[in-house]
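Reader: I am new to reading structures, and I would like to learn how the words used for them are justified. Could we go through some of them together, setting each value against its cut-off?

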Amino acid sequence: MLFRRRARMLRWLVCGRLGPVWMWKALLLFVAIAFAGQLLGVIFNKSSVQPAARSIFSSPDAQGPSLGSCQPHTHIMFLKTHKTASSTVLNMLYRFGEERNLRFALPLGYQLGYPLPFNAHRVKGYRGPRAIEFHIMGNHMRFNKPEVEKVMPADTFYFSIIRDPVALAESSFAYYKEVAPAFRKAKGLGDFADDPRKYYDPRLRNNHYARNLLWFDFGLDHNANFSVTLAQRGEAMIYQAFKLILVSEYFDQSMILLRHALCWPLDAVVSFSLNARQQRPSSIAGMTGSWMGKAAAVAGVGVRAGRSQAKTPPNLSLTEEQREKLRQWNALDWYLYKAFNRTFWKEIDRFGHAQMEQEVALLRMRRDDLARVCLRDGGKPVEAHRIRDKNIRPFQSGLVKILGYELQPGLDNTTRTACLRMIRPEIQYKDVLDVKQFPRAQLVQAQPGQQGQVMIAAGSSFVRQDSSRTGGERLVGGEVGGRTAEEGERDWDRSRLIKNNQTLIRVQEKGRLR
C-alpha cells in the first residue's frame, strides 16, 4: 500500500512537474545520437586527416653517404662539351642552383657565343669583372679562360667531360649531318671515315663538328697537324685549368667523383639521361623549331623553307678499320681521351675501388627509386610527340628523334616540382631560369595584326610565342625558313600535329649576337 502511494506520487512529480515520460525518452535518445555522432566524427577525422606524406626527396637517402665537414661548392664552371652526356650534367647544375637561388651566367641566346671563343660580354647581365657574383656557368662555349675569369670568382671549381672520339663522331654525324658541310656531303659515317679529306674543308663554317670536336671546345686549334708535343701542351693546359675531367663512358663513377669534389648531396648527382637520341632514327624529321634549327640559326646555316621532305636516316655503321681511321682523323681528341681516361682511373684508385662500387650501387638504386616515383611507365624514355605536357617536350634534331619523359600523375606538389626539374629539357630549363633571373626582360612586340603573339629575342634567333595556342614556341630567326608539321604526324592523343607547328615566317632582319 505504501509502495503504491509512493509510485503515484513519483508519477505525479514526473508527469506534472518535470514533463511526460515520452519527452524524457526522446531527450535521452537525442543525447545518445549526438554522442555517437561526435564519437564517429572524431574517429573519421583521425582516419582521414593524416599528416602530409613526406616527399621522397626529403628522405635520408637523398643525402647519401656522409661527406664529413666539407661545405658545398657554389662557384662552378662546367665546360659543356658536345655529345658527351653534358646536357644531363647541365641539368644537375640547373637543379642545384635553382633550389638554392644561385645566379647563373646565362647566355643571351642559348649558347655563350659558340663557336666563337668565349667573351665575357656574351653573358646576360654582365657588367664588368666582379661587378656581379655569378655562381654557375655551364652553357655551350668555346673555352677561353681569361674571359671566363672575368665572370666567375677566383675560387670557382672548373670541370668538364669527355667521350671516346669514335662514339662522339657517331653521335655528331647523327645530330649535325645537316649542319656540318663535311657530314652533309657524305652518304654515311663509314664513307666519311674512309676518306675524310674528300669531304672536309677547314674553311667552311660548322665543319668543326667533323674533326677534333673536343679539342675545339677546349679552345684549341682542331685543324693543327698532330704531334706528340702539341698534344702534350694541350693536355697540360687542360690539366692546369680544370680540377676534374669526367668520362662519359663511366658516367656513374664520374658522378661519384663529382659529388665528393663538390661536397654535394647524393640527389644532386642523380639524374635521368637527357637529350638522348632514339637509336633507330626517324626517316621524317624537320630542322625548324628544333634545337638543331636553333643551332643552325646561331651558326647562320640556311634551311630550305616549306614542307619537310622524307630523308634517309643517317648510316652510322662502321667497320673496325673505319673506326681506327676515325681515331686517326681525330688524333688530337684520341690523345686527350686516352690521357684523361688514365687520370680518371688514377682518381678512382685514390678514391678506393671498393668504396666506389658501393657508392655507385647506391646512386643506381636511388635513380631507380626516383624513376619509379617520378616517371610514367617505369621511366622509359618516349618520343616527344607522345609527351602530354608540351612544356617538357625536347626539341628535335634534323635526322634523329630526341627522347624525353612523362611525369607520373598524382604527385604531391613538392615531389612534382623536384621530378619536373629532373626531366625538364635544357632549352626550356634555360628559359625558366632566364625568366626568374631577369623578370623584367623586355618583349619585342609582334607586328600589327598578329594578335596574341610576341617575339622574344634569343641571341641570334627569335622564338615566337603564341599565347592563343598551347603549342609552345617556334623559331623564326636568321636565314632559317619554316615548315609545317608533316601530314599524318600525330600527337600522343592521335590528334594531327598540323596545328601545333604552323609554318614559320621568314624574318626580314637577321638576328645578331651581341
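Author: Let us begin at the start of a helix, keeping in mind that this is a predicted model. D164 caps the N-terminal end of α5, with a side-chain oxygen 3.0 Å from the backbone nitrogen of V166.

Reader: What is known about the covering of the twelve residues of helix α5?

Author: Helix α5, which runs over residues 165-176, is mostly covered, since twelve of its twelve residues are buried. Among them are P165, F173 and Y176, and so is E170, whose relative accessible area of 18% falls under the 20% that marks the limit for buried.

Reader: What makes the link between R323 and E170 a salt bridge?

Author: The closest N and O atoms of R323 and E170 are 3.3 Å apart, and because the cut-off is 4 Å between a side-chain nitrogen of Lys or Arg and a carboxyl oxygen of Asp or Glu, the pair qualifies. R323 lies in helix α13 and E170 in helix α5, so the salt bridge ties together parts that are 153 residues apart in sequence. R323 has a relative accessibility of 24%, and therefore counts as partly exposed, being neither under 20% nor over 50%.

Reader: How do you know that K436 and E98 form a salt bridge, and which of the words buried or exposed fits K436?

Author: Their closest N and O atoms are 2.4 Å apart, which is within the 4 Å cut-off, so the name applies. K436, in helix α17, and E98, in helix α3, are 338 residues apart in sequence, so their pairing ties together distant parts. K436 is exposed because its relative accessibility of 52% is over 50%, whereas E98, at 9%, is buried because that value is under 20%. Both residues belong to one network of salt bridges with shared partners, which also includes E99, R100 and R421.

Reader: Why is K124 called buried?

Author: K124 has a relative accessible area of 19%, and because buried means under 20%, the word applies. The residue is found in the loop between α3 and β2, and its side chain is joined to that of D434 by a polar contact of 2.8 Å, a distance within the 3.5 Å cut-off for such a contact.

Reader: What makes the link of C70 and C263 a disulfide?

Author: The two sulfur atoms are 1.9 Å apart, and because the cut-off is 2.5 Å, the pair counts as a disulfide. With 80° about the S-S bond, the link is right-handed. It links distant parts of the chain, 193 residues apart, with C70 in the loop between α2 and β1 and C263 in the loop between α11 and α12. C70 is partly exposed because its 33% lies between 20% and 50%, while C263 is buried because its 8% is under 20%.

Reader: Why is the disulfide of C374 and C419 called left-handed?

Author: The torsion about its S-S bond is about -65°, so the disulfide is left-handed. It links distant parts of the chain, with C374 in helix α15 and C419 in helix α16, 45 residues apart. C374 has a relative accessible area of 0%, and C419 likewise has a relative accessibility of 0%, so each is under the 20% limit and counts as buried.

Reader: How many disulfides does a search of the whole structure find, and what is their pairing?

Author: The search finds two disulfides, and with the bonded cysteines numbered in sequence order, the pairing is 1-2, 3-4.

Definitions and conventions: Residues numbered from 1 in each chain as written. Predicted model: local features only at pLDDT ≥ 70, side-chain atom pairs only at ≥ 80, totals over all residues. Heavy atoms only, no water. Buried < 20%, exposed > 50% of the residue type's maximum accessible area, 1.4 Å probe, protein only. Helix = DSSP H or I, 4+ residues; strand = E, 2+ residues; numbered from the N terminus. Polar contact = N/O pair within 3.5 Å; in protein donor to acceptor, adjacent residues only side chain to side chain.
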